[in-house]
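Here is a walk through one protein chain, taken step by step. Keep the structure in view as you read.

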Amino acid sequence: MIPVYNERWTLAEVVRRVLAAPVSLGMEIVIVDDGSTDGSYELALRLAEQDSRIKVIRHRRNMGKGAAIRTAISHLSGDIAVIQDADFEYDPQDFPALLAPILKGQADAVFGSRFIGHTRRVLFFWHTLVNKFLTLVSNMVNDLNLTDMETGYKAIRTDVLKRLRLNARTFTIEPELTCRLAQWGARIYEVPVSYFGRTYAEGKKINAWDGIKALGAILYYRFIDTQFTHDEGFATLRSCQRAAAYSKWIVDQARPYLGRRILEAGAGIGNISPFFLHAERLVLADCNPAYCRMLRYRFEGRENVRVDEADLTAPDSYQQWREDKLDTVFCSNVLEHLPNDADVLKQFYQILEEGGHCIIIVPAEPRLFGEIDQAVGHYRRYTVADLVAKMEAAGFQVVFTRQFNRLGAAGWFVSSKVLRRRQLDPRSMRWFGRITPLAKLLDYFLPWPGMSLIVVGRKPQRQLLRAAA
């Protein structure tokens with residue numbers, strides 16, 4: 001991606017260097033002319049006529065670097081995106097270093113640092129100091145340890161980049177990208193890159209006011225505008241990830257029924273999966289390819305863990321688990337997303353070994369159904385009687401039921417029904433994780449029903465069924 005604003009005398013050489021970069025992969029160049037008045041756009045068109053790998057998009061008026069990058073993102077078709085300024089400050093000879101951690105499957109984003117292990121041109125002290133200060137503040141609020149947040153050389157997996165919610169129009173795109181990647185939970189690497197900084201006489205455009213705006217952007221995107229993606233389901237999962245104590249509370253209630261060979265059906269991004277790592281066999285299944293990729297990265301190298309991409313609504317998906325001799329199916333906050341929940345319970349029954357347990361956690365109380373439920377794709381919330389009836393119809397003997405989290409029910413009602421929010425606030429979930437011990441205590445005293453329901457069904461052993469008959 002090459003954002004261009006009045007770069008007529010350097011653009012052709014930059015494009016030549018990009019095309020000559022020592023990369024064996026297919027390449028496309030997306031040039032976004034940001035309202036240039038010096039003939040840059042016309043030059044870009046001529047370059048595109050000479051090479052079909054070049055796309056050119058034009059802004060009728062100057063909108064800023066961030067706006068140009070956002071436009072370029074919408075026109076990308078490759079697997080990895082690299083931001084390349086239309087001057088000579090960054091060298092495309094560094095592409096292999098930028099791409100390597102992503103190609104190895106280690107990283108979702110790679111920042112090219114100007115401050116580690118390389119030869120560089122000595123330039124402005126105060127400019128460098130401001131860069132390091134902004135990096136420090138960004139690291140503090142995003143819990144990172146970057147050396148160069150403001151670098152103009154960033155390589156990002158396109159499937160991640162396209163799902164980030166970006167709003168910046170100016171140079172504040174750098175702190176916003178960093179913040180959004182941190183909020184996403186992206187694996188970020190740094191590599192050293194060459195840097196040949198320009199003086200202001202040579203055309204450098206950033207100034208002191210841009211530094212002040214960058215500081216404001218760091219704080220704004222971290223604490224005020226925290227919606228990092230338009231994928232409301234993923235945003236909710238990331239928020240829930242911040243409440244590890246709540247996940248442990250869920251698992252603790254199911255622990256007496258956990259066996260040694262577990263299928264976590266609808267594992268998502270793995271918020272609960274770490275609690276099952278003791279199992280002899282742990283199968284993590286989800287229908288979302290991106291989530292499965294995250295799970296594989298996260299649990300790579302564990303011989304007892306396997307990740308399967310599977311659609312729980314497709315009967316054929318269950319064939320792959322019949323040889324796993326599963327004694328536990330754990331399904332947390334998934335059944336409400338499926339239109340044919342009763343059929344899925346029957347499939348769970350079929351793949352379980354006799355005497356095994358099916359542990360189902362679902363949102364409770366239809367009266368709580370609100371905006372968040374709709375946003376994340378819930379078909380329903382459950383009553384105890386409804387879920388028990390469906391479990392028994394599937395063949396299970398229900399051995400445990402509990403409705404819990406009364407404090408959470410009050411918060412859900414306010415957020416989803418009163419304030420009509422469409423996703424969980426990460427800060428609220430972090431605080432709820434901290435007060436989970438209080439929530440557990442209040443479950444014994446608060447007079448209204450809980451927001452969640454757990455039901456455990458056991459698959460009867462045949463000899464017991466014959467004896468009962």
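**Sheets, helices and charged pairs**

Strands S13 and S14 (residues 452-458) pair in the antiparallel sense, with seven bridges between them. One pair to look for is Gln403, whose bridge partner in S14 is Leu453. Keep in mind that this is a predicted model.

These two strands belong to an open sheet of seven strands. Read across it, and the order is S10-S9-S8-S11-S12-S14-S13. The pairing is mixed. At the edges are strand S10 (305-309) and strand S13 (397-404), and each of them pairs on one side only. Neighbouring strands in this sheet are turned by 15° against each other on average, direction ignored. Strands of a sheet pair through backbone hydrogen bonds, either parallel or antiparallel.

The parallel sense appears in this sheet too. Strand S11 (residues 326-332) pairs with S12 in that way, over six bridges. Here Cys331 has Ile360 of S12 as its bridge partner. How enclosed is strand S12 by the rest of the structure? Strand S12 covers residues 352-363, and nine of its twelve residues are buried, so S12 is largely enclosed by the rest of the structure.

Now look at the helices on this sheet. Helix H10 (residues 244-254) lies across S11, S12, S13 and S14. Its direction is about 150° to that of S13. Helix H12 (residues 341-351) lies across strand S8 (261-265), S11 and S12. Helix H12 runs at about 150° to S12.

Move next to the start of the chain. An open sheet of three strands is found there, in the order S1-S2-S3 and with parallel pairing. Its edge strands are S1 (2-4) and S3 (54-59), each pairing on one side only. From one strand to the next, the twist averages 20°. Strand S2 (residues 29-34) is joined to S1 by three bridges, and the two run parallel. Within that pairing, Pro3 has Val32 of S2 as its bridge partner.

Two helices go with this sheet. Helix H1 (residues 8-19) lies across S1, S2 and S3, at about 160° to S2. Helix H2 (residues 40-50) also lies across S1, S2 and S3, but its angle of about 160° is to S3.

Stay with helix H1 for its charged side chains. Which residue forms a salt bridge with Arg16? The partner is Glu13, and the closest N and O atoms are 2.7 Å apart. Arg16 and Glu13 are three residues apart in helix H1, which means about one helical turn separates them. Glu13 also meets Arg17 in a salt bridge, at 3.0 Å from N to O. Arg17 and Glu13 are four residues apart in the helix, again about one helical turn. The three residues are partly exposed: Arg16 at 48% relative accessibility, Arg17 at 30% and Glu13 at 25%.

Other charged pairs lie further along. The side chains of Arg255 and Asp252 meet in a salt bridge of 2.8 Å, N to O. Arg255 is partly exposed, with a relative accessible area of 36%, and so is Asp252, with 28%. A network of salt bridges links Asp108, Arg157, Asp159, Arg187 and Arg293. Across the whole structure, a search finds 29 salt bridges.

Next, take two residues in contrasting settings. Is Glu176 buried or exposed? Glu176 is buried, because its relative accessible area is 0%, and under 20% counts as buried. Glu176 sits in helix H7 (residues 173-184). Leaving aside residues up to four places away in sequence, Glu176 touches Arg165, Leu166, Asn167, Ala168 and Tyr221. Leu441, in helix H17 (residues 436-442), is partly exposed, with a relative accessible area of 46%. Leu441 helps make a nonpolar surface patch of about 560 Å², together with Ile435, Leu438, Tyr444 and Phe445.

Finally, step back to the whole chain. The secondary structure comes to 18 helices and 14 strands. Buried residues make up 53% of the 469 residues. The C-alpha atoms fill a box of roughly 90 × 45 × 40 Å along the principal axes. The accessible surface comes to about 21,200 Å², and 54% of it belongs to carbon and sulfur atoms. Among contacts between residues at least 6 apart in sequence, 77% join residues at least 24 apart.

Key:
Residues are numbered from 1 along each chain as its sequence is written. This is a predicted model: local features need pLDDT of at least 70, side-chain atom pairs count only at pLDDT 80 or more; totals for chains, interfaces and linings use all residues. Side-chain values use heavy atoms; hydrogens and water are left out. Two strands pair if DSSP finds at least two bridges between them. Axes are lines fitted to C-alpha atoms, for helices over the stretch in contact, and angles run from 0 to 180 degrees between N-to-C directions. Contact means heavy atoms within 4.5 Å. Buried means under 20% relative accessible area, exposed over 50%, partly exposed in between (1.4 Å probe, protein chains only). Patches are made of residues with over 30% relative accessible area and no salt bridge: like charges are joined within 9 Å, nonpolar side chains (Val, Leu, Ile, Met, Phe, Trp, Tyr) within 5 Å. Accessible areas come from the Shrake-Rupley method with a 1.4 Å probe; for residues, only the protein chains shown count as cover. A salt bridge is a side-chain nitrogen of Lys or Arg within 4 Å of a carboxyl oxygen of Asp or Glu.
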